[in-house]
Amino acid sequence: MNREEMEKRIGVLRLDLDEYKRENERLRHVLEIKEERHSALSVKRVISYSRELGRELLLVERVPSDGIGVGSIAIDSDGIVVGTVIEQSDRVIKVSIAANQGNVYESLVMPLETKTFAKGIGGRVFSLEMIPRESPIREGDLLYIMISGSTELFPIGRIGRVSPGETGGFKEIKAVMLAEPRYLKEIGILSYTSVSDDSTLSK
């Protein structure tokens, strides 16, 4: 093997090593997320689904001292956000479905990582707030929520409609909720919280 061939070979090996390092880092991150989610996740049996005054709700069984509180996030078996804990007792938990009116989540639109607030407006639909008109968000982009205390992003919706908006320099964007809560038999509830009230938008 001459010098030129040897240098090419060394270059290939360096590329292989760099790729190995990147893959190792990705794997380590995935394992950290799985361990983190496992330590913060409680699987609960769904008792009932109901609608009250236009809101969709789940009633879920509870074991006392499980670390769950008002504001905890509920997900389905695919890790998709179902809703947020709004009430609890020693025996039951009430979950408000994510797109119910009044629920607001700090969010990212992927793949461009555009920050926004996803505001539930009912009917399994979110309105995305404070998105500049020049933002290249497209129909079909995915919406994830950001959760305090976690490095993981949790999917919650898909962009369904994008329009320029009539005033204020912001787009009018609607996203459709991904989860189907009506037929769930079990959900996972994370000890993390994310939901805020409408006052967050005015800060």
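**Group meeting: a pocket, a core and one serine**

I will start with the largest pocket, where strand S12 gives the largest share of the lining, three residues. Keep in mind that this is a predicted model.

How much space lies in the largest pocket? The answer is about 150 Å³. Eleven residues line the largest pocket, and those nearest its centre are Ile75, Asp76, Ser77, Ile187 and Gly188. Two strands, S1 (41-52) and S12 (186-193), each contribute at least two residues to that lining. As for chemistry, the lining has five nonpolar residues, three polar ones and three charged ones.

A general remark on method. When a probe the size of a water molecule is rolled over the atoms, it shows where empty space is left.

Now step back to the whole protein chain. Secondary structure comes to one helix and twelve strands. If you read along the sequence, the helix is followed by the strands, in the pattern α-β-β-β-β-β-β-β-β-β-β-β-β. The protein chain has 203 residues, and 39% of them count as buried. Its accessible surface is about 12000 Å², with 52% of that belonging to carbon and sulfur atoms.

Next, contacts along the chain. Take the contacts with a separation of 6 or more: 58% of them join residues that are 24 or more positions apart.

On to the interior. The largest nonpolar core holds 37 residues. Which residues have the most contacts inside this core? They are Phe126, Leu128 and Ile187.

You have met Ile187 already, among the residues nearest the centre of the largest pocket. What does Ile187 touch, once its neighbours within four places in sequence are left aside? The list is Ser42, Val43, Lys44, Val46, Leu58, Val60, Ala74, Ile75 and Val95. One of these, Ile75, is also among the residues nearest the pocket centre.

Last, a residue in strand S1, namely Ser50. Is Ser50 buried or partly exposed? Its relative accessible area is 25%, and buried means under 20%, so Ser50 counts as partly exposed. Not counting residues up to four places away in sequence, Ser50 touches Arg55, Glu56 and Leu57. Ser50 and Arg182 are 132 residues apart along the chain, yet 8.3 Å separates their C-alpha atoms.

To close, look once more at Ile187 in the structure above: it is one of the residues with the most contacts inside the largest nonpolar core, and Ile187 also lies among those nearest the centre of the largest pocket.

Terms used. Residues are numbered from 1 along each chain as its sequence is written. This is a predicted model: local features need pLDDT of at least 70, side-chain atom pairs count only at pLDDT 80 or more; totals for chains, interfaces and linings use all residues. Side-chain values use heavy atoms; hydrogens and water are left out. On a 1 Å grid over the protein atoms alone, a cavity is a set of points where a 1.4 Å probe fits but cannot get out, and a pocket is an open set with protein on both sides within 12 Å along at least five of seven lines; lining residues have an atom within 4 Å of a point. Grid points are joined across faces, edges and corners, and a volume is the space filled by probe spheres set on the points. Helices (H or I, at least four residues) and strands (E, at least two) are DSSP runs, numbered from the N terminus. Ala, Val, Leu, Ile, Met, Phe, Trp, Tyr, Cys and Pro count as nonpolar, Asp, Glu, Lys and Arg as charged, and the others, Gly among them, as polar. Buried means under 20% relative accessible area, exposed over 50%, partly exposed in between (1.4 Å probe, protein chains only). Contact means heavy atoms within 4.5 Å. Accessible areas come from the Shrake-Rupley method with a 1.4 Å probe; for residues, only the protein chains shown count as cover. A nonpolar core is a set of buried Ala, Val, Leu, Ile, Met, Phe, Trp, Tyr and Cys residues joined through side-chain atoms within 4.5 Å.
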